[in-house]
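Trainee: I've got a model open and I'd like to learn how to read its cross-links and its core. Can you walk me through it?

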Amino acid sequence: MPDDPRARRRTGTGLGVLLALVCAAVLLAALPDHDREGGGACAARTFTSWKTEGRLTDEFARYGDDPARTDDWTGGDGTHSLRLPDGRVLWLFSDTYLGRVHGPPNPVGESYAWRDTTAPLVRNSAVLMSRSGRLERTLPAPLFPDPGAGQWRWPVAARVEPRSPGSPDRVVRVLLWTRTTGAAPWIYGVPTATEVATLSLPGLRLEGVRTVLDQRSVADASRRVLFGTTTLDEGDWTYVFGGTDAQATARPTSTAYVARAPRGRLGEPGAWEYWDGSQWAARARPAPVLGDGRRRGVGSAFTVVRDGGTYVLFTMAAGTRGLTTVTSYWACSPAGPWRGPERSFSPPLPAGEVAAYNPQAHPALRADGRLVLSYDVNWLDPTGVSAQANLSRNVSLYRPRFVTLRLGPPR
């Protein structure tokens, strides 16, 4: 082939561009990470301090202990909250005790408020809080009916959205975890599907439920992914985090996943996309974003917040520390990579064979620059038989407790 100077120039130009790209990549790798979605500066973040938040803890005790109430919430777990457009706060719970609470002493002479062991237990409930922060009433429970025999729905995260894109009429979308009765180790049910419920505003009437991701075809129940433990809006998207329930099979940690939907379209299953390990894809083949099954991973429920350009995840720690200790991770994108675990803390627990679980952030209640975080408490029992008896003899056990956190760079 003849020697063409123009070809040499073109080749040289191509090599120059290639070298420039390589140099740019090296320089970017040396700089602090940047958020893949929004482009904001990102740096390591965790909590720098924490303290108990007695006001909210006491408010749920006041409401639950009110002896004048006969069909309202007296205890529950799976605590999530949503600020409504009129300023009220909607609190959502999974398994919930209703009925009457009796003052101390309890039937065995202890100085605890108590409930009868025949008190109604429903699979989900919702409690309304006034703009001033006072719990006012329980909606008729269960708010979300069972989808079939041996199945039930646990509500998780919720958002206010337009009824349809561009509509001035707004509704509440509630993400639901459907579970099915199962044998050990699935004493709390087998993960089955993720659904989205629509509630009217301002009346909060259930209008319908749609299935987003059915997991019944996944033979290994420990690999079934349920989405909705936490959500957050960023740019044009609502990110929805989820996970497996591998800890039910005695693994030290479960695995986290993330999906997204265009803002305002959580109620459209076809609009969802899933992180598949390299890109967002409409086909539901999600890939893990956090979890090695050992030291790194999440509990069966966790929460994610954004602080500046950084995403911060709070979950129970791996192993036996996960019964008492909340730890944190951080990332520059919902899809990771997630760094950590970072700092941990052990919130106060009542006396007895109890465990903490389900740390959840409540951004609508943030005050004085501090993040409000709840955690649930339950009695440790592999069968659930004595757990119910202990939760009834001391009603304060099965209620959310709260701490506040100040976020900042790791120390």
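Mentor: Sure, and keep in mind that this is a predicted model. Let's start with a cross-link: cysteine 42 and cysteine 332 form a disulfide, with 2.1 Å between their sulfur atoms.

Trainee: How many disulfides does a search of the whole structure find?

Mentor: Just one turns up. For calling a disulfide, the cut-off is sulfur atoms within 2.5 Å.

Trainee: Which parts does the pair tie together?

Mentor: Look at where each cysteine sits. Cysteine 42 is in the loop between α1 (5–30) and β1 (46–52), while cysteine 332 is in the loop between β20 (326–331) and β21 (344–345), so the pair links parts that are 290 residues apart in sequence.

Trainee: Why is the disulfide of cysteine 42 and cysteine 332 called left-handed?

Mentor: Check the torsion about the S-S bond: it is about -80 degrees, so this disulfide is left-handed.

Trainee: Are cysteine 42 and cysteine 332 buried or exposed?

Mentor: Both are buried.

Trainee: Now the core. What's the general idea?

Mentor: In soluble globular proteins, nonpolar side chains tend to be buried together. Here, the largest nonpolar core has 23 residues, and Val305, Phe314, Phe345, Leu373 and Leu405 have the most contacts inside it.

Trainee: Which element gives the most to this core?

Mentor: β23, with five residues. β23 (371–379) is one of the elements that each supply at least two, including β19 (310–316) and α3 (385–393).

Trainee: And what does leucine 373 touch?

Mentor: Skipping neighbours within four places in sequence, the contacts of leucine 373 include Phe345, Phe402, Val403 and Leu405, as well as Arg401 and His362. There's also a second, separate core of 19 residues, with Phe227 and Val240 among them.

How values were computed:
Residues are numbered from 1 along each chain as its sequence is written. This is a predicted model: local features need pLDDT of at least 70, side-chain atom pairs count only at pLDDT 80 or more; totals for chains, interfaces and linings use all residues. Side-chain values use heavy atoms; hydrogens and water are left out. Helices (H or I, at least four residues) and strands (E, at least two) are DSSP runs, numbered from the N terminus. Buried means under 20% relative accessible area, exposed over 50%, partly exposed in between (1.4 Å probe, protein chains only). A nonpolar core is a set of buried Ala, Val, Leu, Ile, Met, Phe, Trp, Tyr and Cys residues joined through side-chain atoms within 4.5 Å. Contact means heavy atoms within 4.5 Å.
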